[in-house]
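Visitor: Hi, could you walk me through this structure? I'm new to this, so plain words please.

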Amino acid sequence: MKPMSKIVRTVAASIGWFVFVFGIYVIVHGHLTPGGGFQGGAVMATGVALLIVAYGGWGAERCVGKERLPVFESAGLLTFIILAFGGACLGITFFFNFLANKGGLFGDKLPLGINPGIFNSAGVIPLMNMGVGMEVLAGISLILFAMFYGTKRVREGRCLVDNEEKEEDV
Amino acid sequence: MSWTEHAPILIIAAPLLVSFAIPLLEKIDYRVRNAAAVLSLAFSVWMVLIVLHKIWGSGPVVYVFGAKSAFLPLPSGFKFPVRIMLEIDNMSAFMALSGSIAAMVGVIYSWAFVREEEGGLGKYYSLFLLMAVGMLGMELTGDAFNFFVFLEIASIASFGLIAYRREDPASIEASFKYMIVSTIGAIFVLVAIGFLYGRYDALNMAYIAKHMRIGIVERIAFVLLMVSLAMKAGAVPMHMWVSDAYGRAPAAVTATLVSVSQASLYGLFRVMFSMFGVTMNNHFGGWMLIIFGLLSMFIGVTMAIVQKDIKRLMAYHAISQTGYMLLGVGVGLAVLDNPVALRSYGLAAMTGGIFHIMNHAMYKGLLFLTAGAIFYRLRTFNLNEMGGLARKMKYTTIYFIIGAAAIAGLPPFNGFASKLMIYESVYKFNPLLSVVAMVVSILTLASFVKVFHSAFLGPEISKTRDVREVPKSMVIGMGIMAVICILFGLFPGMVVKYLAGPAAVSLANQTGYISSVIGGGM
């Protein structure tokens with residue numbers, strides 16, 4: 001994939017941030033609004049897709065830091081499972097919501113009846129959403145990069161030229 | 001309360017945790033990664049034994065996720081189970097024992113079998129553990145939707161593992177074929193569970209079983225579940241993926257994949273006995289299992305005889321042996337509503353069929369591992385390019401003899417014990433079925449004599465001149481399975497008394513399964 005024109009790259013650079021911020025919004029409000037870890041992570045990964053289209057695969061790879069993605073993926077999954085183990089370690093049950101209604105982090109008690117949504121509630125669920133969000137962002141980004149490596153130009157070694165082109169262009 | 005209270009979930013959670021941690025552990029050292037994978041599955045085996053001990057003491061174990069107490073299926077005054085739970089009776093624990101041992105052996109064997117320079121080993125071990133998690137989850141869960149989730153985990157992990165040797169286009173093809181077939185099957189399962197959810201507003205298998213009223217929706221769900229799970233178990237006429245997938249996956253994966261298919265077989269039995277049971281027409285269900293079983297036995301073995309590829313040959317035998325389990329348990333299902341017949345031969349047939357599940361996981365796993373050992377040294381599966389290996393690979397030869405004798409049903413190996421139980425009890429139900437089973441057993445023996453002769457006997461050929469014995473981890477892995485084959489063959493009475501017999505009784509006892517979750521109260 002060749003980097004696209006300067007106009008496209010500039011627009012992508014400014015819009016990309018909005019995509020990422022919106023993805024983070026969907027993840028951290030997962031316990032209050034529609035969405036959650038998976039959906040938000042997928043939204044953020046579309047930001048990576050935007051970078052790949054605008055800057056070409058190699059440019060996006062440098063920008064995102066691809067070698068960090070597997071670590072990110074693993075860290076997200078570990079967050080999830082360690083939070084699940086937390087309940088068992090406290091002697092209650094696996095997946096027990098040990099932070100809910102205890103005060104502190106995500107521990108506010110919810111009032112009965114209609115309320116506008118209290119962000120600091122729901123215990124481990126928002127934290128698990130964040131773990132899933134990290135995992136999905138890294139996983140889908142890796143899939144996108146794998147698709148990029150599968151394109152004909154990369155396989156035939158022609159894509160290295162794009163890299164040079166980009167260097168002179170910038 | 002001691003920590004063993006959490007043993008049921010630790011069976012699944014320990015390999016899951018290590019599977020997620022493996023990409024990080026890999027950064028330390030490859031030995032740390034491999035040891036963590038082996039230890040997590042050994043831990044699972046230990047936990048299964050603890051749970052089994054508990055079940056012998058006090059009946060089925062229930063573990064409720066996220067509740068105030070793990071043993072409270074109906075928390076806070078609910079009239080129906082709302083939470084996800086594991087429900088483990090003798091049958092589930094038996095399957096989990098067989099599956100976790102097979103997975104542990106697979107990982108031990110992989111240590112030397114999959115070489116570092118092949119690359120992607122972190123992903124290999126992650127997927128391997130995820131496949132084990134999916135398999136164990138299917139066997140332990142008491143929730144229909146969770147069953148589907150674990151089915152998908154096991155399937156998706158195995159797609160990746162089958163295609164691990166990417167340089168061989170046939171393995172990509174095998175993985176793709178399995179992916180298509182298995183995804184369609186999984187969608188059938190999902191639709192069937194959706195139908196049941198729509199009718200009963202619940203996903204707990206025991207709750208659905210308790211309120212089962214047979215109507216058109218239930219019939220559709222029954223047929224969809226039966227067909228798709230029989231397909232995943234590899235029964236003829238839905239067997240076309242088995243020979244490719246088993247034949248092309250790395251041998252360590254194939255040995256575990258046998259157990260993963262058996263988890264689907266367990267799902268099939270669980271659905272037919274515990275969810276539908278005698279409410280559905282059990283003669284129809286039983287005869288369907290028997291017909292699947294007969295077709296699998298006969299077509300599997302006749303296809304196997306003509307093969308030249310050693311792993312494809314064994315894969316067709318795997319289909320054929322699945323037929324024995326379907327036959328044995330199918331006879332039990334067909335007489336489920338007749339207490340006299342059930343006591344006189346039905347339970348014995350089921351015990352034989354269930355005993356055969358674990359025997360099959362062990363000896364077929366062992367055979368696939370020996371095929372992998374041959375491939376490790378010769379880089380070929382073609383029987384025509386082998387010869388005289390008995391001179392060079394003495395452990396592999398002995399293990400192959402044990403595996404081949406066990407699959408052919410020769411005493412004193414484990415296959416003999418379970419096959420004899422099936423012959424005797426099925427003979428009382430219908431003599432013809434028993435005759436077919438015996439003929440198939442003889443053909444199996446013939447086929448393995450052929451393999452033994454062409455691979456191990458005879459003079460050494462130019463290709464096998466420099467062959468040595470395989471590395472230690474592979475010898476140990478095969479050794480564990482061989483020891484189990486011999487022990488089960490020498491003491492079949494103990495196994496039937498403590499493992500297979502109680503498993504058959506708990507499978508036939510639908511009310512026991514229901515009451516361990518819902519209690520007698522409702």
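Guide: Let's go through some helices, strands and odd spots. This is a predicted model, where local features need pLDDT of at least 70, side-chain atom pairs count only at pLDDT 80 or more, and totals for chains, interfaces and linings use all residues. Residues are numbered from 1 along each chain as its sequence is written, while chains are lettered from A and ligands numbered from 1 in the order in which they are written.

Visitor: OK, how many helices and strands does chain A have?

Guide: Chain A comes to 6 helices and 0 strands. Helices here are DSSP runs of H or I with at least four residues, strands are runs of E with at least two, and both are numbered from the N terminus.

Visitor: And how much of chain A is buried?

Guide: Of its 170 residues, 37% are buried. Buried means that 20 or more other C-beta atoms lie within 10 Å of a residue's own; exposed means 12 or fewer, partly exposed is in between, and C-beta atoms are placed from the backbone.

Visitor: Anything odd in chain A?

Guide: Try Phe95(A), which has a positive phi of about 70° although it is not a glycine. Most residues other than glycine have a negative phi. Phe95(A) sits in the loop between α3 (69-89) and α4 (124-149) of chain A.

Visitor: Is Phe95(A) buried or exposed?

Guide: Phe95(A) is buried, with 22 other C-beta atoms within 10 Å.

Visitor: Switching to chain B: what angle do α10(B) and α13(B) pack at?

Guide: About 160°, with their axes 7 Å apart. Axes are lines fitted to C-alpha atoms, for helices over the stretch in contact, and angles run from 0 to 180 degrees between N-to-C directions. The two helices are therefore roughly antiparallel to each other, a label for angles over 145 degrees (under 35 is roughly parallel, 65 to 115 roughly perpendicular, the rest oblique).

Visitor: What about the strands in chain B?

Guide: Strand β1 (residues 61-64) runs antiparallel to β2(B), and 4 bridges join them. Strands pair if DSSP finds at least two bridges between them. Val61(B) stands opposite Ile88(B).

Visitor: Which way do the residues of β2(B) point?

Guide: Met85(B) and Glu87(B) point one way, Leu86(B) and Ile88(B) the other, and all are buried.

Visitor: Last one: where are the cis peptide bonds you can show me?

Guide: One joins Val236(B) and Pro237(B), with omega about 10°. Another runs from Pro411(B) to Pro412(B), with omega near 0°. Pro412(B) lies in the loop between α14 (394-407) and α15 (414-429) of chain B.
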